[in-house]
Amino acid sequence: MSKPKVAFFDFTSCEGCQLNKLNFENDFLDMLEHVDIVEFREAMDDKADEYDIAFIEGSISTPTCIERIHDIRRRAKVLVALGQCACSGGVNAMKNLHQPDWVREEVYGNEKYRFPSIPAQPVSAVVKVDYEVRGCPMSAPEYLHIFKSLVMGRKPEIFDHAVCVECKLKENECVLDKGMFCLGPVTRAGCEAICPGNGQYCTGCRGPISNLNLEGAVEMLREHGFSETEARKRLHLFSANELV
Amino acid sequence: MDLQINVHHLTRVEGHGNIVIDMQSGQLKKAQLEIVEPPRFFEAMLKGRNFHEAAIITSRICGICSLGHQMTSLKATEAALGLAISEQTLKLRKILVHGATFQSNVLHALFLAAPDFLNVGSVFPLINTHKEVVLAALRLKRLANEIGELISGRAVHPISCVPGGFTKLPTNEELAALREKLVTQAIPDASFVVEVVASLAGAIPDFVRETEYISVYSPQEYGLYDGQICSSDSGLHPVDDYLRVTNEFIVPHSTSKHARFNRSSYFVGALARFNNSSALLSPLAKDVAARLGLQAPNYNPYMNTVAQVVEVAHCVEDTIRLIDELLATGIKAEKPNQEPTRYGRGMATTEVPRGILFHDYTYNRQGQIEKANCIIPTGQNLANIDDDMKKLVPEIIGEGKAAITKKLEMLVRAYDPCISCSVHLLDVQFDE
Ligand code: SF4
Ligand code: SF4
Ligand code: SF4
């Protein structure tokens with residue numbers, strides 16, 4: 001069997017997910033033994049015609065993005081969305097809460113039509129996405145799991161329980177109990193509760209669990225001393241498209 | 001002589017940009033770097049956000065510069081809210097800045113710029129032909145990540161850096177283990193990388209254009225974490241004068257704004273820092289600069305990559321010094337200081353790998369952001385890149401289109417542009 005052809009593409013993003021991927025230096029050279037990287041603009045000049053697996057970072061936020069993603073989908077056997085920008089719109093989707101035309105005008109004045117911008121959308125709003133690696137940045141262990149499964153022809157496992165479950169397994173001190181904010185009870189696990197593990201609150205970067213009770217979550221945060229407006233605002237940080 | 005060059009979506013840079021050259025009958029009509037990265041409207045997102053969130057949000061402007069954005073954001077918030085930080089926090093933050101700087105510099109010099117010097121299209125062929133140096137670079141990068149993971153919880157989008165301090169601290173043992181790796185592994189690896197770069201120095205194009213160099217300057221240390229604004233033309237300026245220094249303006253060929261101060265353009269980044277602060281480099285870094293033939297002031301923008309390598313040595317050596325100071329007193333348990341003593345405007349500057357960065361926030365009495373502005377290094381370099389291209393193209397016009405294109409691509413890469421950062425979008429005013 002020839003090595004699978006793998007390509008990486010970036011759309012509207014901070015490129016943090018791609019960087020996070022490069023951060024498995026130890027696994028990186030091993031990985032190259034098993035796959036052929038055929039396109040990766042940030043690191044190389046080559047371009048390819050087709051790919052067995054295309055990894056997509058970033059949101060769809062301009063008309064050109066839509067054309068590009070259709071083209072990539074046509075060439076790709078399997079398409080994986082990397083990181084929250086690609087999976088849900090991520091932080092980029094916060095701009096959708098503002099009047100787009102007005103924001104652009106403030107920035108570019110009369111030149112605004114040169115820089116078209118549409119609401120930031122997940123990749124799945126435009127083309128079929130086969131797998132998602134959530135998180136901002138995407139969770140490293142989850143990425144490796146999906147990558148290895150696909151290369152070995154297995155079906156990856158997908159999480160849909162709350163970060164709190166992982167957090168309790170890790171025996172972290174609960175930051176909510178310490179008086180801090182936390183979105184762990186309503187956020188999808190898979191990151192090993194890395195933020196509470198570092199004494200910081202969960203900002204909900206992996207998006208809500210699928211059976212989210214939004215009003216219940218707001219009420220829970222209110223009981224912990226956070227106003228309804230504050231709770232909703234922080235829930236929107238990474239999930240504006242899913243929750244508004 | 002007619003010449004049209006259009007490099008669409010330049011590779012081996014962070015973000016999306018095109019190089020466009022148009023020469024008709026020997027007249028240069030156009031020489032510019034077009035920024036086509038989709039804008040992301042960060043200042044709009046910051047409006048109404050709590051002071052705990054500012055650094056979390058601005059970190060997402062750019063993954064590569066996430067630590068630098070966090071540091072600048074935290075300093076601006078602390079200045080606005082009157083939050084003092086401890087000596088320990090200060091030292092830990094300086095170590096984080098060193099780690100992020102040497103990581104990014106290694107990545108750029110070896111993985112993105114070096115392939116040009118060796119006439120290959122990416123770092124991947126070098127894994128076979130230059131395996132030892134690729135491995136040394138990967139080890140340096142790995143160690144920089146370990147610094148980030150140990151002190152801030154995660155290398156990309158750090159977790160535990162918050163206004164007023166840290167939510168988790170490293171132990172003395174962990175710091176000692178890190179020190180050991182820096183001494184036994186990072187110093188030899190950095191020296192090896194220096195030798196390889198020295199052997200490639202002949203491939204660095206010979207081009208000179210003197211311009212204005214702007215960086216953070218501190219009389220006590222090589223300016224990275226904090227200091228005043230230093231211009232090679234007009235000297236020192238307080239941080240609160242940053243708008244007067246950057247003078248941003250819109251150009252139609254870029255989604256990112258341009259900047260100018262005393263001239264039509266200015267340079268920010270490793271070469272600007274080196275030109276303004278080389279006397280304050282660590283002893284090892286001074287040796288490396290001598291070995292690589294870099295002397296201040298240097299006016300060749302391609303030498304920015306060499307200045308980055310000099311800084312790798314500085315950051316590794318100075319991190320060892322800072323760890324020694326921390327270990328001499330031992331890490332003290334302390335909570336972040338998050339009790340505001342005032343509400344108002346705070347401005348801050350830090351050197352990120354690509355140059356001087358500014359954040360400016362105004363907070364209301366609820367501790368929420370009313371107005372925000374971030375000025376990013378790559379945006380400040382864009383006018384300077386255009387000016388370089390205008391001088392360079394006529395000088396090398398006889399070399400043929402392929403060679404010219406390559407030199408232009410190398411020029412843009414030498415600036416290590418971070419295009420995602422530069423289109424985060426600036427100065428959004430809110431009228432409500
Ligand atoms: S998901 Fe987060 S880390 Fe990944 S590209 Fe988007 S903003 Fe960057
Ligand atoms: S810290 Fe957050 S994630 Fe962890 S148990 Fe408490 S609420 Fe859940
Ligand atoms: S703990 Fe929350 S914010 Fe942190 S990585 Fe996990 S989901 Fe994201």
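# Notebook: two chains, two ligand sites

Just after helix H13 of chain B, I found Asp416(B) with a positive phi of about 55°. The model I am reading is a predicted one, and I keep that in mind for every value below.

**Entry 1, helix H13 of chain B.** I went back from Asp416(B) to the helix before it, H13(B), which covers residues 401–414. I checked its length against the rise of a helix: at 1.5 Å a residue its 14 residues should span 20 Å, and because the end C-alpha atoms are 20 Å apart, the two values agree. I then looked up which of its residues are buried, and the list runs Ile404(B), Thr405(B), Leu408(B), Glu409(B), Met410(B), Leu411(B), Val412(B), Arg413(B) and Ala414(B). I note that the charged residues Glu409(B) and Arg413(B) are on that list of buried residues. For reading such a list I remind myself that an α-helix has 3.6 residues a turn, so residues three or four places apart point the same way.

**Entry 2, chain B as a whole.** I counted 14 helices and twelve strands in chain B, and of its 432 residues 66% count as buried. Among the contacts in chain B with a separation of 6 or more, 71% are between residues 24 or more positions apart. The chain exposes about 13,900 Å², of which carbon and sulfur atoms supply 51%.

**Entry 3, Thr58(B).** I picked out Thr58(B), which sits in helix H2 (residues 54–59) of chain B. Its relative accessibility is 0%, and because buried means under 20%, Thr58(B) counts as buried. Its side chain reaches the backbone oxygen of Ala54(B) at 2.9 Å. Leaving aside residues up to four places away in sequence, I found that Thr58(B) touches Leu46(B), His69(B), Ser73(B), His359(B), Tyr361(B) and Cys374(B).

**Entry 4, cis peptide bonds.** In chain B, the peptide bond from Ala296(B) to Pro297(B) is cis, with omega near -5°, and Pro297(B) lies in the loop between helix H10 (283–291) and helix H11 (304–329). In chain A, a cis peptide bond joins Cys136(A) and Pro137(A), with omega about 0°. I located Pro137(A) in the loop that runs between strand E5 (131–133) and helix H6 of chain A.

**Entry 5, helix H6 of chain A.** I followed that loop into H6(A), residues 140–151, whose twelve residues reach 16 Å from the first C-alpha to the last, close to the 16 Å expected at 1.5 Å a residue. Ser139(A) caps the N-terminal end of the helix, with a side-chain oxygen 3.3 Å from the backbone nitrogen of Glu142(A). Glu142(A) is itself buried, as are Tyr143(A), Leu144(A), Ile146(A), Phe147(A), Ser149(A), Leu150(A) and Val151(A). After the helix comes Gly153(A), which has a positive phi near 75°.

**Entry 6, positive phi at two glutamates.** Glu15(A) has a positive phi of about 65° although it is not a glycine, and I placed it in the loop between strand E1 (5–10) and helix H1 (16–22) of chain A. At 1% relative accessibility, Glu15(A) counts as buried. Glu192(A), also not a glycine, has a positive phi of about 60° and is found in the loop between H7 and H8 of chain A. With a relative accessible area of 41%, Glu192(A) is partly exposed.

**Entry 7, ligand 2.** Around ligand 2 I listed Val163(A), Cys164(A), Cys167(A), Cys174(A), Val175(A), Leu176(A), Cys182(A), Gly184(A), Pro185(A) and Pro196(A). By class, this shell has nine nonpolar residues, one polar and no charged. Helix H7 (residues 163–169) of chain A gives the most to it, with three residues.

**Entry 8, ligand 3.** Which residues lie around ligand 3? From chain A I noted Val163(A), Thr187(A), Cys191(A), Ile194(A), Cys195(A), Pro196(A), Cys202(A), Thr203(A), Gly204(A), Cys205(A) and Arg206(A), and from chain B Arg154(B). Because residues of chains A and B surround ligand 3, the site is shared between chains. Helix H8 (residues 194–197) of chain A supplies the largest share of the shell, three residues. The classes in this shell are seven nonpolar, three polar and two charged. Val163(A) and Pro196(A) appear around ligand 2 and again around ligand 3.

Conventions:
Residues are numbered from 1 along each chain as its sequence is written. Chains are lettered from A and ligands numbered from 1 in the order in which they are written. This is a predicted model: local features need pLDDT of at least 70, side-chain atom pairs count only at pLDDT 80 or more; totals for chains, interfaces and linings use all residues. Side-chain values use heavy atoms; hydrogens and water are left out. Helices (H or I, at least four residues) and strands (E, at least two) are DSSP runs, numbered from the N terminus. The expected span of a helix is 1.5 Å times one less than its number of residues. Buried means under 20% relative accessible area, exposed over 50%, partly exposed in between (1.4 Å probe, protein chains only). A polar contact is a pair of N or O atoms within 3.5 Å; within protein, one must be able to donate a hydrogen and the other to accept it, and residues adjacent in sequence count only if both atoms are side-chain atoms. A residue is near a molecule or strand if one of its heavy atoms lies within 4 Å of it. Contact means heavy atoms within 4.5 Å. Accessible areas come from the Shrake-Rupley method with a 1.4 Å probe; for residues, only the protein chains shown count as cover.
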